[in-house]
Amino acid sequence: MTLILPEKSLSLSRDLRRLIGPTKVKDDAASLKAYAVDAGIYRLPPRAVVLPENEEDIEAIVAFAMENGVPLTPRAAGTNLTGSAIGEGVIVDISRMNRMLEVNREARWARVQPGIVLAELNKRLAPLELMYGPDPSSGEMCKLGGMLANNSAGPHTLRYGAVKDNVHELRVRTGEGWLTARAYRVDDPVLAELWREHPSLEKVAGFIRESRDVILAHRPRVSKNSAGYNVFDVSEGMDHGILDLTKLFVGSEGTLGIFSEATLRLVDRPRATVTGLLHFRDLGELGEAVPELLELQPDALEVMDANTLDLIGRHTYGIPADATATLLIEFDQGSTPGRTDRLMRLCRRYRLADKPALAFDQEHQAQLWRARKALYPTLYRYDPKKKPINFVDDVVVAAQRTGELIRYLETFFERQSIAVAIFGHIGNGNAHIVPLLDVNDPRDFERMVEAYRAIHRSVLEDFGGSICGEHGDGRVRAELVRTMFGEDLYRLFVRIKQELDPAGIFNPGVKISDTSFTEHIDFDRLAKPCATCAKCNAVCPVYDVFQSEDMSSRGWFEIVTAQDYRYLDSKRVVEACLNCKSCRAICPADVDVAELILQRRAEHPNRLAGWIFALHARSGLFESLVKWAGRTQEWWDRPTMRAILEMLTRPLLRQLDERAKLPRNFRLPRLATRTLRERYSELCGHRQTSVAYFHGCAANYFQDGVGDAVIAVLRKLGIEPALPPQRCSGTPIDTYGYRQLAKDGARENLEHLAPYETVVTGCASCTLSLKDYVRWFRGEPEYAMAEDLARRVKHISEFVVEHANGELFAAQPSCGGNRLRHIVTYHSSCHLRAAGVTTAPRRLLARLPGVQFVEMADADRCAGGAGTYVIKAYETSMNIFERKRQAIMDSGADIVATSCPACMIQLRHGLRDSVTVKHVAQLLDESIAYSESRNA
């Protein structure tokens, strides 16, 4: 296929916009950078990106591409490791087609669009006690379209099979038109109509029938395979009178067409599971144990070798020093009882490095799975230069030979002097092999090429295995497909591709290609810390709204770290970030994309924000203005005046952002007529106490009751806190590009907070800022003071949990006399999570007398307020909030608690009194008073 030339890109995009609409086509520099990568090792900038929203869009795109010879690369979440979601033509990102269209509880199936995230699908199915079985480790961010394309599997393949085993029907746009791919009886009269509409399919079926002996001879003799096209299951079905077309398209990696829908087979959600962690001293015994463990019919059987355990840190996960491999096993407790006892008896026959750990509750099970699920991105922390490189990452051998394979691999890489992680689905013999290499070092590059050839050759010739179990061939293994299957079968693959894609437009260079795996390697990116795994996209509130890579954490990393970065080319996306830090909180490689964006904003600080911060620095004048506004708020905070204010402030706010406005219906916080420091003047200044309260700007200038509640709670603990002199913690100042001004205030705060053993906060952003001074001052004289302060900062919820010792509610009545007053749920503020405070607020709320605490769905997702972001980008902010609003309403709570005054503003505005909003400290203060009154 001749690709569209660069000079034709503008014409290409213009034509596509005319066909499907301007908002569904992107060709700006920032977007093309974001879409040039997936989770693999390559970079291929596209000419344009399209975001279809329905089948009509897909039809128009494919028809245009066929007529003009434009290559199309289907893309979902871009979490694959093989380079199959990038291409030099047009990226077709199906992320906006993300609905669950239909579900049948009795028949256990669901009809979905390919852009739905697996975790989201299972969350929606949970109330029906159903789920989709295949569970790749990227399940929090991968989408069904990619899973269908790769024939994904995951740890629980032993029980549920791969994707190909869990699909009833597909809607596919091939080169010949729309096809409903499903299983047909070969004598079904409907086939005659199908052949008339799709004569190429009849030819393909004929090719497969004619090649039966070749297919049978070259069928992989392992339990998993995603290499080549799955003619094996198609041929086997035809032997039994069934032509199952889903088997042909699942695993085709977008090379035969584009999916628009899938009808999936669902399974019952296990009601109770047990997870075991076994540490083997000897690989030989591990190999002997696998067949016996498989006889227990586990749902999952996972392994991590000694190198992997060393690389991720044994101490972090409590793994014995003499363990040569750690094995995870999981059962459904509801089926085949007694397997746990049989497991324990079996373990006594082997020399384990520690007694088996068994987990029966979800929290403990999550701890056992934690290392396995975060393993790959965590490897990025190991060495600043040597990164985990996926090029031999998905081989499969017979399960009983996995121990032998691990020994071979450890010996091979030891001879190469290369650190390597070996892990995977040992129950299927599916090993993920991830060497740590500096591909910019010529010696490491040569070692990579040597390992690619030698390991794949050994897997095929010595182990009789497969080059690919669940990740797909992509670009990284395409050149080996011919080697694995031989010329005759490869020729069949080529004929299938040519018949179903006669124009050669669907994902060229993927699966069917002789191009070397070293072509298009992204040497620059592989020297950076980001794994491009897209875990950050799963929690990015902006991506959740826009569903496009240029408006995502991973995309932003690519944009702001590019060597040719220019602010004017990237302003749209750089200014879209909320600085919520959700990306940092979830990233196993400890990449803070928001921080990188703030550094870029500091190169172009916002002028209007600078004026406001200058005014804020003149504390006397600023406080006078706030108190005057507070005294007159009843006059100007009325519908008519607010409409006038919205109109008058719009030109000014455009200096903040083109989208900025102060909507007339926005529920503003009540401004203080007397500041918190004035109301508690006796606590101000430096006092002889060990506890300081850093109240922050919101508690000082808003009449929201938060500061009063924090002080009241501390007093009920017998503590008279000091309110030392303090400047803004720095978050809003830093957010608008004034890092140096923020650091000036931080230096004063470091000095004023130094005398106190503990610094209590009530604001999530202040908590994070104070702890983050250590990042701001790394390598500077203030670093030691910042490091010390970070250890002393405690959010009020942490402080109460650590110091109350049960005394606050020790005298509450028994449950029988403790009347339920409220149902409370909790919105977890982003900055508090980033500061590492997640369990303390929940523990407090669960202990409140007269309160039933319920955990809502999406509790840890951003609410969209982000300080002034709701003013800067009101529509985006409200779109982000909609998900939170729905979760709160679904929880059944009459109170939503949070730990951040800024989040309170957003919640009160968005919920409009349908649910009461309170700070954790306010609920704590009220509950203490309630408990005291009940026991008076």
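**Charge distribution, overall fold and the setting of Ser 513**

The protein chain carries 120 positive and 122 negative charges, and the mean positions of these two sets are 5 Å apart. The model analysed here is predicted, and the values given below were computed from it.

In terms of secondary structure, the protein chain comprises 44 helices and 27 strands. The C-alpha trace extends over about 90 × 70 × 60 Å along its principal axes. A radius of gyration near 30 Å would be expected for a compact globule of 936 residues, and the 30 Å found for the protein chain therefore agrees with such a form. Of the 936 residues, 61% are buried. Among contacts with a separation of 6 or more, 75% are made by residues 24 or more positions apart in the protein chain. The accessible surface amounts to about 36,000 Å², and carbon and sulfur atoms contribute 50% of this area.

At the level of single residues, Ser 513 was examined in its local setting. Ser 513 is placed in the loop that runs between α20 (478-500) and α21 (535-539). The relative accessibility of Ser 513 is 9%, and this residue is classed as buried because the value falls under 20%. A polar atom of the Ser 513 side chain lies 3.1 Å from the backbone nitrogen of Thr 515. When neighbours within four places in sequence are set aside, the contacts of Ser 513 are with Ala 478, Glu 479 and Tyr 490.

Terms used
Residues numbered from 1 in each chain as written. Predicted model: local features only at pLDDT ≥ 70, side-chain atom pairs only at ≥ 80, totals over all residues. Heavy atoms only, no water. Helix = DSSP H or I, 4+ residues; strand = E, 2+ residues; numbered from the N terminus. Rg over C-alpha atoms; globule rule 2.2 N^0.38 Å. Buried < 20%, exposed > 50% of the residue type's maximum accessible area, 1.4 Å probe, protein only. Contact = heavy atoms within 4.5 Å. Areas by Shrake-Rupley, 256 points an atom, 1.4 Å probe, with all protein chains shown as cover. Lys, Arg positive; Asp, Glu negative; His and termini not counted. Charge placed at Lys NZ, Arg CZ, Asp CG, Glu CD. Polar contact = N/O pair within 3.5 Å; in protein donor to acceptor, adjacent residues only side chain to side chain.
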